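Open the model in your viewer and keep the sequence panel at hand. We will go from stop to stop, selecting as we go.

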Amino acid sequence: MSDDEKISRLFAALGADDPHSWAESEIEENLPQLARYRFLRALSQDIQAWDTSSVNCLRDVSDAEGAIESDPTMDLGRLARLVARETAFSVLCRLADPDSDGLPADIRQQLPGWVLTETTPAGEPTHRSLDCLYEDLNTVIDSSGDTPPGKTIAAGWIWLTNLRPFCEYLAAEVEYDFDDSDWLAIDTALPETDDDQPRSGWYTYPLVGRDRIDLQIARSVNGDEVSVSARGTVASRVRSRVELLFDIMARYELAP
């Protein structure tokens with residue numbers, strides 16, 4: 001198989017409308033078209049993910065301490081800032097992890113990736129990579145603004161017996177090592193909570209690893225359930241797994 005045929009097939013696997021033209025440009029013009037198309041395709045997926053439910057999540061901006069309450073009349077400027085931040089976060093995640101596009105492994109292994117590198121003032125590469133910029137995005141956002149530290153990733157209820165494995169799995173999503181001391185803090189605080197109270201009064205526990213998720217919990221006083229909410233800024237693939245975790249922990253009671 002010629003290089004042109006191989007590259008054309010990869011463009012076709014990515015969904016390009018005219019794979020042969022893309023491949024021809026890659027070879028004849030010596031342009032990294034395959035890497036460019038892969039990156040732009042990933043960003044397009046993030047754009048398409050914005051829907052009514054995504055915007056509604058942004059409108060739920062009550063922070064862990066209740067300093068910011070939900071405001072259905074949020075002005076467009078503030079909403080635009082929230083969307084811009086989420087978009088920038090997604091772009092930085094894509095830059096850091098080319099394989100986050102969910103392609104099959106056999107295709108992914110044939111595709112080029114990318115890296116963002118530093119240059120000197122003269123434009124010469126220093127060969128130092130700018131890795132994981134998404135981790136520090138919130139640290140440079142103007143704290144005087146009204147942008148909250150993160151949006152609601154998922155919220156609902158789970159069975160009380162599932163609370164510890166739920167915390168462990170949630171922590172694993174941000175690469176936080178959840179241990180006995182973490183569980184002791186949550187288990188001790190839980191009896192004093194009541195999910196009939198405003199969410200600002202629920203117990204909040206931070207899980208800080210690669211990303212940060214603030215877990216808010218409150219017990220159903222007369223039931224066997226725990227109301228839970230996860231807030232933070234995470235990649236769309238992590239959000240999907242967290243939503244699935246909520247669903248499983250509400251549907252089934254895990255055996256010891």
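Start by selecting Cys167: its relative accessibility is 0%, so this cysteine counts as buried (buried means under 20% relative accessible area, exposed over 50%, partly exposed in between, with a 1.4 Å probe and protein chains only). Before moving on, note that this is a predicted model, in which local features need pLDDT of at least 70 and side-chain atom pairs count only at pLDDT 80 or more, while totals for chains, interfaces and linings use all residues. Residues are numbered from 1 along each chain as its sequence is written, and side-chain values use heavy atoms, with hydrogens and water left out.

**Stop 1: Cys132**

Now select Cys132, which you will find in the loop between β2 (125-129) and α7 (137-140). Helices (H or I, at least four residues) and strands (E, at least two) are DSSP runs, numbered from the N terminus. Cys132 is partly exposed, at a relative accessible area of 29%. Check its backbone too: phi is positive, about 50°, although Cys132 is not a glycine.

How many disulfides does the structure hold? The count is 0, where a disulfide is a pair of cysteine sulfur atoms within 2.5 Å. Add Cys93 to the selection to see why Cys132 is unbonded: the closest cysteine sulfur to its own is the one in Cys93, and at 8.9 Å that is too far for a bond.

**Stop 2: Ala235**

Keep Cys93 displayed and add Ala235, in the loop between β6 and α10 (236-251). Is Ala235 buried or exposed? Its relative accessibility is 7%, so Ala235 counts as buried. Setting aside neighbours within four places in sequence, Ala235 is in contact with Phe89 and Cys93; contact means heavy atoms within 4.5 Å. For a link across the chain, draw a distance from the C-alpha of Ala235 to that of Ser100: these atoms are separated by 9.1 Å, with the residues 135 apart along the chain.

**Stop 3: the strands β4, β5 and β6**

Select strand β5 (residues 212-219), which is mostly covered, with 6 of its 8 residues buried. On one side, strand β4 (residues 203-208) runs antiparallel to β5, and 6 bridges join the two. Two strands pair if DSSP finds at least two bridges between them. β4 and β5 form a hairpin with 3 residues between them, and Leu207 stands opposite Ile213 in β5.

Next, show strand β6 (residues 225-232). β5 and β6 also pair, in the antiparallel sense, over 7 bridges. Here the hairpin connection runs through 5 residues, and Ile217 stands opposite Val228 in β6.

Click on Ser220 in the loop between β5 and β6. Ser220 has a relative accessible area of 15% and is therefore buried. Beyond its neighbours within four places in sequence, Ser220 is in contact with Asp195 and Glu225.

**Stop 4: Glu175**

Jump to Glu175, in the loop between α8 (163-173) and α9 (180-189). With 57% relative accessibility, Glu175 counts as exposed. Its phi is near 60°, a positive value in a residue other than glycine.

**Stop 5: helices around α3**

Two packed helices are described by the angle between their axes and the distance between the axes. Axes are lines fitted to C-alpha atoms, for helices over the stretch in contact, and angles run from 0 to 180 degrees between N-to-C directions.

Select helix α1 (residues 3-14) together with α3: they pack at an angle of about 5°, with their axes 11 Å apart. The two are therefore roughly parallel (angles under 35 degrees count as roughly parallel, over 145 as roughly antiparallel, 65 to 115 as roughly perpendicular and the rest as oblique). Show side chains for Leu10, Phe11 and Leu14 of α1 and for Gln33, Leu34, Tyr37, Arg38 and Arg41 of α3, which make the contact. These divide into 5 nonpolar, 1 polar and 2 charged; Ala, Val, Leu, Ile, Met, Phe, Trp, Tyr, Cys and Pro count as nonpolar, Asp, Glu, Lys and Arg as charged, and the others, Gly among them, as polar.

Finally, swap α1 for helix α2 (residues 19-28). The axes of α2 and α3 (residues 33-48) come within 8 Å and cross at roughly 130°, so α2 and α3 are oblique to each other. Trp22, Ser25 and Glu26 of α2 meet Gln33, Leu34, Arg36 and Tyr37 of α3 in this contact, whose residues divide into 3 nonpolar, 2 polar and 2 charged.
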